[in-house]
Amino acid sequence: MTDGKDHNLLLTVKAKNLLLRPSENIKIKVVGRCRPLTPEEIAKGSKSVVNIQGKDKIIINAAGKEQSYSLDSAFGADSKNADIYESKCDALLHRALEGYNITIMAFGATGSGKSYLMSGNEEDPGIVPLLSQKLFQNLKQRTGKEYMVTASFLEIMDEKMLDLLNPHNNPMTLRQHIIKGIFVDGLSEMVVQSAEDLAQLYDQGLHARCIGAADVKAHRERAHAIFTITVEQKEHQSSKIGVRSTITLVELAGCEISESANHTVVAGNQGILKVLSALGDSKQKGGHVPYRESLVTRLLQDSLGGNCITLMLVTVSSRDKAYQETHTALQYAQYTKTIQNHVKMNLDLIKDLQLAKKQTWEEKERLSGQYEEERKINLANKGVLEWVMDSMKKGSRELQEKILLLQKERDLISEQYKAKRKDVDELKEDLQKKIMDYTKYTESGKKSESETKKLVTAIHELKERLKRETEALRKIKDNLSLVQARQQQEREHARAQMTGMKGNAELRQKVELEERKRMEQEHKAMIDEEMEKSKLDVESELAEIQMREADGYKYSTKEGAELERTLAQLRADKPVIAMKLQTMQKEKEYVEAELEDVYRMHNEQLELQQLQHYQTFRRYREMFEEQKAAIDQRYRQLLEDCIQDSNS
């Protein structure tokens, strides 16, 4: 059995042996996956033009010619994500646990199945959730090892970076470190304790991807998503040696090409395609590799030609109309097959990491807790806290989908309402014009019974049509109000389920303030719509009055008196309603101020309690030190007495 000194000597020898281990030259592996036609594509008459031949060939038969591409492996439409993971990805995970960097990247056109392959669903989990589960299963089996796992999630779009786990507005820059390699300074790195935590962070990052995106398809065409898992391991109770590996899971932007003769690629992927061409195209090999031309290629420099074991998953659609994008993806996939990476084990001498304060495990734990609080506040400020964080709860996926469907339904009805409103406004203008023409005609003195009848008939027909369209507009408005009410109920349900902000008074205050603002905006929109509807009704009544006036209609004394009474009542109600609105506004300001005072007092009480706890702890600590000193003094006295007794 060796003592501590011998054990540390053994570790030092092991470290030197590992450092002397030569690097390996490993080619990037390329695996193809063809998705089937969707029911919508079949309904539109699309045909399948892609076939899988054997285990490694993809054949395209389109535009009157057949073209074949040989890859390392190829999977057809009936394959499951788990099949691809077990066959091609699990071995990479084992290399990562030995201390090697690995990258798994999904490459292909928008709509070819990249997101489904990487994320999957409940019935067919994707590469990322499968790897997350296997990672912790393997770590728990490694006896005698301590480990720390951290995760970050970055989106790059139009050469701008977004922290998907903590969407802050602080600057982020690419830097290079002797141990970490190329990394993003300012990107939140969360400490992860389990496979569930890791999958949860990935899921939450996906929910945050399309914040502010008006067109989801255009967003996906231009945006890269990079989920990075860092695994650090060391011998149990040792601070001398360890290994560090980075697992990079990438969903690249779509590799679309335009319909022009030049086949210009979309801006989101130009950098990647240039690097793949420079590294893999026989015509360009040996020349300059433009890593620095884009953020994503600079960040993935180790994955493409550097210190990393890389797997490219090329996704293609079997749809005939997508054959040009399929050709492009497979052409660059073949370039990638020839790229060689220079791979070596990443040895961490933990004593060196202590020099970089931010790299100690204790500091990572502290920063992770800080990021966790920041991300909730940042998500709350953007109004998406419930949407992103509710994924922590079981069954939240169904709830989120329901909220999303309601939002889509509301958007659709809103568009219908705007279109119908435009039709009603046009009819109203047309009616006003016809009434004015009729008035001018009657005042001209050139009356013809047939012409008069024609004008009156046209006006009455237009009035009936306007009435029908107005009724249809009101029905759409009622339907919109119903959807808004259902949406509000689901939001309240989600809010009741959410536990992410539990126990954080400051966070609850921010979320509730955001919720109040959102409700005020919705209520204001509803009031504006009601005002517009009332205006429409009034204008319709005015048109009716103009018609009567043009026809020479005379109001009776009784009708005149009734109108005067109605007008007097409206005049009397107006200042009362205005006063009520002013009173409600003052009450609202009072309640807001009161809430602010309550939160402030609550925070002050918490601070006071913390101070009291600290003072109590300090008193106990002082008492403990005093008692310890007294015991030490007594022990020394007893020891001296024993020595004197033994000498006497």
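A residue counts as buried when its relative accessible area is under 20%, as exposed when that area is over 50%, and as partly exposed in between. The exercises below concern a predicted model, and each is followed by a worked solution.

**Exercise 1. Decide whether F136 and Y147 are buried or partly exposed, and describe how their rings are arranged.**

Step 1. F136 has a relative accessibility of 2%, which falls under the 20% cut-off, so F136 counts as buried. Step 2. Y147 has a relative accessibility of 29%, and because this value lies between the cut-offs of 20% and 50%, Y147 counts as partly exposed. Step 3. A pair of aromatic rings is described by the distance of the centres and the angle of the planes. The structure holds five aromatic pairs. In the pair of F136 and Y147 the ring centres are 6.4 Å apart and the planes stand at 75°, so this pair is edge-to-face, given that plane angles over 60 degrees count as edge-to-face. Step 4. Since F136 belongs to helix α5 (residues 127-141) and Y147 to strand β8 (residues 145-157), the pair ties together parts that are eleven residues apart in sequence.

A further aromatic group can be noted here: F153, Y202 and F227 form one aromatic cluster.

**Exercise 2. Follow helix α3 along its residues, and state where it bends and which of its residues are buried.**

Step 1. Helix α3 covers residues 81-97, and its bend of about 50° is found at C89. Step 2. The buried residues of α3 are N81, I84, Y85, C89, D90, L92, L93, A96 and L97, so C89 is both the site of the bend and one of the buried residues. Step 3. For reading such a list, it helps to recall that an α-helix has 3.6 residues a turn, so residues three or four places apart point the same way. Step 4. Just after α3 comes G99, which takes a positive phi of about 110°. Step 5. R95 lies over the face of Y100, at 4.5 Å from the ring centre.

**Exercise 3. Classify the packing of three helix pairs: α3 with α5, α5 with α6, and α8 with α10.**

Step 1. The axes of α3 and α5 are 10 Å apart and the helices pack at an angle of about 45°. That angle makes α3 oblique to α5, and α3 passes α5 in a right-handed crossing. Step 2. Helix α5 also packs against helix α6 (residues 195-208), at an angle of about 155° and with the axes 8 Å apart. Because angles over 145 degrees count as roughly antiparallel, α5 and α6 are roughly antiparallel to each other, and α5 passes α6 in a right-handed crossing. Step 3. Helix α8 (residues 270-280) and helix α10 (residues 323-337) pack at about 45°, with their axes 8 Å apart. This makes α8 oblique to α10, and the crossing of α8 and α10 is left-handed.

**Exercise 4. Describe the backbone and the exposure of D158 and E159.**

Step 1. D158 is found in the loop between β8 and β9 (160-163), and E159 lies in the loop between β8 and β9 as well. Step 2. D158 is not a glycine, yet its phi is positive, at about 55°; E159, which is not a glycine either, has a positive phi of about 60°. Step 3. With a relative accessibility of 42%, D158 counts as partly exposed, and E159, at 44%, counts as partly exposed too.

**Exercise 5. Locate S317 and R298, and find how far apart in space each is from a residue that is remote in sequence.**

Step 1. S317 lies in strand β15 (residues 309-317) and, at 6% relative accessibility, counts as buried. Step 2. S317 and G113 are separated by 204 residues in sequence, while their C-alpha atoms are 7.6 Å apart. Step 3. R298 lies in helix α9 (residues 295-299), and its relative accessibility of 12% means that R298 counts as buried. Step 4. R298 and R175 are 123 residues apart along the chain, and a distance of 9.9 Å separates their C-alpha atoms.

Methods: Residues numbered from 1 in each chain as written. Predicted model: local features only at pLDDT ≥ 70, side-chain atom pairs only at ≥ 80, totals over all residues. Heavy atoms only, no water. Bend = angle between axes of the 7 residues up to and from the residue. Helix = DSSP H or I, 4+ residues; strand = E, 2+ residues; numbered from the N terminus. Buried < 20%, exposed > 50% of the residue type's maximum accessible area, 1.4 Å probe, protein only. Phe/Tyr/Trp six-rings, centres within 6.5 Å; stacked < 30°, edge-to-face > 60°. Lys NZ or Arg CZ within 6 Å of the ring centre and 35° of its normal. Axes fitted to C-alpha atoms, helices over the stretch in contact; angles between N-to-C directions. Parallel < 35°, antiparallel > 145°, perpendicular 65-115°, else oblique. Left-handed = near helix turned anticlockwise from the far one by under 90°.
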